[in-house]
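Q: I have a protein chain open on my screen and would like some help in reading it. May we go through it together?
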Amino acid sequence: MSGGSSPNAVPPNGGDEQQQYKQRSSALPFGQDIALSSVSGPTYLTAQTLVQQVAYALSDKILAYSPDTFDLDIAARAWQDGQEKNALGDVTGVQSMETRVGAGSIALGYMFSPDFDLSKRHVPQSIIASAASLQHLRLALDQLSLLYDVANPTALQVAAVDYAAETKSGLVTDYCSALTLADELGMGLVSSKDAYEVQHMSLLSTVLASVLPSMHVYDGITVGRETTRVVDVLNVKSLKRTYDAVLDTVKEDLGSKRLTAEGKLSKLMLAFNAELGTEYKCFEYHGHQTPISVMVVFGTVEASLSAQVAEALAKQDVKIGVINVRVYRPFAEEDFIEALAPTVQQITVLGQVKDQAGVVDGSVTSSLYADVIAAVNFQSSTSGREPGVYDIKYARETVWTVAKMEALLRQLNSKPGETPKETIPLQLTSPDTKQYTFWDTAASGSASAPLMLGQMLSDDSSLNVAARSGHDNLVQGGVIRTDLRCSPRSIEAAYSVKEADVVVVAEEKMLKDFTVVSSLKGEGTLLLRVPGWKDEDIEKKLSTPVRKAIAARKLSLFVLDPAASPKASEEPELESYLLQLAFLKIARPEVYESGLKKLQAGGDELEALAKDLEAALKRVDVPESWLTLELEENESLPPPEDLNVNSFSAYEREESEPPTYLRDWATAAKGLSFKEAYGTSIALRPDLGIKTSVIHVKEHRRLTPADYDRNTFHIEFDLGDSGLKYEIGEALGIHAENDRAEVEQFIKWYGLKAEDVVEVPSRDDPDLLENRTVYQALMQNVDIFGRPPKRFYEALSEFASEEKEKNDLLLLGTGGNQEAQVEFKRRAEVDTVTFADILLEYPSAHPSFHDIVRIVNPMKRREYSVASSQKVTPNSISLLIVTVNWQDPKGRERFGQATRYMDALPKGAPVTVSIKPSVMKLPPKTTQPIIMAGLGTGLAPFRAFVQERAWQREQGMPIGDVFLYMGSRHQKEEYLYGEEWEAYQDAGVITLLGRAFSRDQPQKIYIQDRMRQTLGDIRRAYLKDDGAVYLCGPTWPVPEVTSVLEEAVEVEAASQGKKKDGQKEIERLKEEGKYVLEVY
């Protein structure tokens, strides 16, 4: 086909062939094998395939170091098995090697073996590897460099990918290994910017191997595995012809002793460009014509994305530019300087380092930074021009997006202290590009649908299609995301789709873990596959945040019910085709009929599916009421993060016995007796993802009178030998227990056996299970006396045997009508009912304990600000607590679980705790003033602050002003730590004590009033002496306290004859950590 063709397109012919369509590897175009002879002209390919084609065509032997599932050599092995000939007329030997220490020895052994055919000494040898293999190849490459004058030209094709178990994503893009190796061993190093030039760069590195051992490195996670249409692909003969022609042109120069490696590189580049008609440079500039700041980058995604963003910003007259380092070694300094515009004042190197520790370690610099600063210093010594050079480091796990790159480039263009202007985010894709995203489980029968659609759409010669898939095998048993882009123009998009026209979700449960809706553009379309769909189930299937987001973005909502298709129900393997037809009907109706014909290819199955589609595909109206839905506490969409690509294929499933929650004592005994066999470990709360400790009550002292209606108490814990360490401002997490008597009463009423061993989710990570008795589980794990959310009512309705109870629970859980919504609100806010209350109220809904564990929330730790400094009390930690208690309309006493638990603790009682970091930190300098405002127990962290300042002064350190504004209702009853504050004031530690007791006089006085009375002191300490303000306690005084600070800013500015916007200035100070809020 003149416009390009897809590889080995296999249209579904019905029956067996439909069932057999399966993605072979994401390293192959559309996941399918491709013949070596088909790699030619305009065609659909992956960069990974093109790399293998160059290596196979020009090499005598390929040594491949490809970890399992990476498939770096999958096409080359298939060509060898098919006896396909290389450019020399031979079958290239492809040998898959293990990645281990001494891995490269076989390459040396092959080249320098006594029986090696010396007539092939000029023939290149290729190594295909991942960046993870380079450390194991180092020793052999070092020896090769020393013996290179008598060795074959050797080129390494390196996929910049490694597996880093300590990272969130798992798979990381690794350029560090290649950069370090090239620098230390003197190897050539070339990088590709995108799939369109990866064949040329593979060829360039092979040509460069005639001068020195060389590497070509390219992205191995996304761009390297994306199927895209590449024009002017060189076939095997053209590759050989170009390779020979370039070397023939420069053969005299390559043998010259006068030319340096950089000089030979320059000659090679000239000959290479002349032969191909290209304009490749060692350093390529993109951006504004007269940039002030330039960023230097290396790597596929980094180069592609930064170049596009810089060009887009240049159109907005943002004077920023990007230099892509195409050839890192030899590093041609003169070419680098030539790429710098005369207007450049600042050069920033975007350099990769191994991990986040390297990013924050000031002693670590990126490899690229050292070369750039050396080149600039050399140039400044001759020209006197010396722009500043800075190093911005990023870890291998960093995933670059358009927004992230734009923010970085805009920041580099801004002046110090300048607040970046709000701008509309860049859209790099052309308006005529259509973007689609598919979410599915990897084991689903419809997982191959998007690639089949991409393959079908690629048959249109007027269209360019790009397809990319990624696997996250750690979520929901394995999730696959596939992005499709279609455009009449070439597509260069080294990032995930963020503004999709259509998103297809084949499993609605994915909406719980991924912000699918946010990846749709406004007024886009969401297609959900939901078997057995019922219109009345919509609020059960779609959470409140999802429904609200759909309405807010004005999305069109479609549902595909495969159960409504008799043909798909009869032959489940046809569901993939039903999904494809539904997609075409919605997303590309203009090609639906032609697409149907292509998919049919003579079979009658799809004709039947097309008829079924009328009943199976339905549009769902989105009511305006979804816009005004109220979210429950802690109810929101998942974080706006993309899928974490941690594999290139679905993991192989092994059928195993499903987990159970109810177990007997014998099961637990086995786990304890045979720890290794059962994977048992004994630890203090092993379920927690944080470090826990056991400490003991040292002091419990009530601070308010016994007859006062508010019980506020000071509790101090002895740290003993727990090893617990804490910092100023941190919080102590209390792992509280339920009330013993209430638990025993519930066990008796519900008919449970207290000693039964059960498996329950932990209170801090529901994905982790632990063995407990029923009694222990109700005491420490299951929040049976907590407040139930709507979803509990809905889940409980499934167990109700009486129809009225079932309907009542369902209405309460889904907010089915206005009356149910009002009733739920009354139950939650007035009656304050608990999970146990609901189970008692609806006796026909009697789930087993197994199901209670599943539908009732796990208990969570409660965090309280620490009220002590460990420098002052090294062996203890203190809290300031107010008990939470009230009476419900039925006259029942209600209590806050954690405060009730602590109030009842006797001296010496053990408590499980953990430390949580906080934003409440002292300023870095002891001389910086601190201004603290606290209401009630909000004084807790300020007691620690004042203790710390007193300790600092005792050590001989100068300290700044300490202002404390405290508020409560009555001085007589609620002057919390009053004697301590006055003692610190007398000692000169507290320099201003503003006490506001709101109800001790006819006119109410609050902390903001005391602050306004001392506005002059605040202006001096806060604004002139670089102080920091802290507000802790309830949220209600935040606007008033903020207003006082804004007034201080404006008054201070006016006193200097200036005008400042107080609101903006306080926002700036807040961002700098000089106005800190910890409110609740």
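The conversation below covers the overall chain, a sheet, some aromatic rings, several strands and one threonine.

Q: Before we start, what kind of model is this?
A: It is a predicted model.

Q: How many helices and strands does the chain have?
A: The chain has 38 helices and 39 strands. Its radius of gyration is 34 Å, close to the 31 Å that the globule rule gives for 1080 residues, so the chain is as compact as a globular protein of that length.

Q: And what box do the C-alpha atoms fill?
A: Taken along the principal axes, the box is roughly 100 × 80 × 60 Å.

Q: What share of the residues is buried?
A: Of the 1080 residues, 55% count as buried. The chain exposes about 47,900 Å², and carbon and sulfur atoms supply 49% of that area.

Q: What about contacts between residues far apart in the sequence?
A: Consider the contacts with a separation of 6 or more: residues 24 or more positions apart account for 76% of them.

Q: Let us turn to the sheet with β14 in it. In what order do its strands lie?
A: The order is β3-β2-β4-β5-β9-β8-β14, which makes an open sheet of 7 strands with mixed pairing. At the edges are β3, residues 93-96, and β14, residues 327-329, each of which pairs on one side only. From one strand to the next, the twist averages 20°.

Q: How does β8 pair with β14, parallel or antiparallel?
A: The two strands run antiparallel, and 2 bridges join them. Strand β8 covers residues 188-191. As an example of the pairing, V190 has V327 in β14 as its bridge partner.

Q: Which helix lies across β14?
A: That is helix α7, residues 198-208. Helix α7 also lies across β5, β8 and β9, and runs at about 165° to β9.

Q: New topic: aromatic rings. How many pairs are there in the whole structure?
A: A search finds 25 aromatic pairs. One of them is formed by Y328 and F331, with 6.3 Å from centre to centre and 80° between the planes.

Q: Why does that pair count as edge-to-face?
A: Planes over 60 degrees apart count as edge-to-face, and the planes of Y328 and F331 are at 80°.

Q: Are those two residues buried or exposed?
A: Y328 is buried, with a relative accessible area of 0%. F331 is buried too, at 8%.

Q: Which cluster do they belong to?
A: Ring pairs link Y328 and F331 with Y175, F283, F298 and F336 into a cluster.

Q: There are also F942 and F945. Where do they lie?
A: Both lie in helix α32, residues 940-954, and they are 3 residues apart, about one turn of the helix. F942 is buried, with a relative accessible area of 0%, and F945 is likewise buried at 0%.

Q: How are their rings arranged?
A: The ring centres are 6.0 Å apart and the planes are at 65°, so the pair is edge-to-face.

Q: Back to strands. Why is β20 described as largely enclosed?
A: Strand β20 spans residues 500-505, and 6 of its 6 residues are buried, so the rest of the structure largely encloses it.

Q: What does β20 pair with?
A: Strand β17, residues 434-441, runs parallel to β20 and is joined to it by 4 bridges. Here W439 has V505 in β20 as its bridge partner. Strand β21, residues 520-529, also pairs with β20 in the parallel sense, over 5 bridges. In that pairing, V503 stands opposite L526.

Q: How many residues of β37 are buried?
A: In β37, residues 992-997, 5 of the 6 residues are buried, so this strand is largely enclosed by the rest of the structure. Strand β36, residues 962-968, pairs with β37 in the parallel sense over 6 bridges, and S968 stands opposite F997.

Q: One last residue, T1042. Where is it found?
A: T1042 is found in helix α37, residues 1038-1055. At 14% relative accessibility, T1042 counts as buried, the cut-off being under 20%.

Q: Which residues does T1042 touch, leaving aside its neighbours within four places in sequence?
A: T1042 is in contact with I1066 and Y1075.

Q: And how far apart are T1042 and S458?
A: They are 584 residues apart in sequence and 59 Å apart in space, C-alpha to C-alpha.

Key: Residues are numbered from 1 along each chain as its sequence is written. This is a predicted model: local features need pLDDT of at least 70, side-chain atom pairs count only at pLDDT 80 or more; totals for chains, interfaces and linings use all residues. Side-chain values use heavy atoms; hydrogens and water are left out. Two strands pair if DSSP finds at least two bridges between them. Axes are lines fitted to C-alpha atoms, for helices over the stretch in contact, and angles run from 0 to 180 degrees between N-to-C directions. Contact means heavy atoms within 4.5 Å. The radius of gyration is taken over C-alpha atoms; the globule rule is 2.2 Å times the number of residues to the power 0.38. Buried means under 20% relative accessible area, exposed over 50%, partly exposed in between (1.4 Å probe, protein chains only). Accessible areas come from the Shrake-Rupley method with a 1.4 Å probe; for residues, only the protein chains shown count as cover. Rings of Phe, Tyr and Trp (its six-membered ring) pair if their centres lie within 6.5 Å; planes under 30 degrees apart count as stacked, over 60 as edge-to-face and the rest as tilted.
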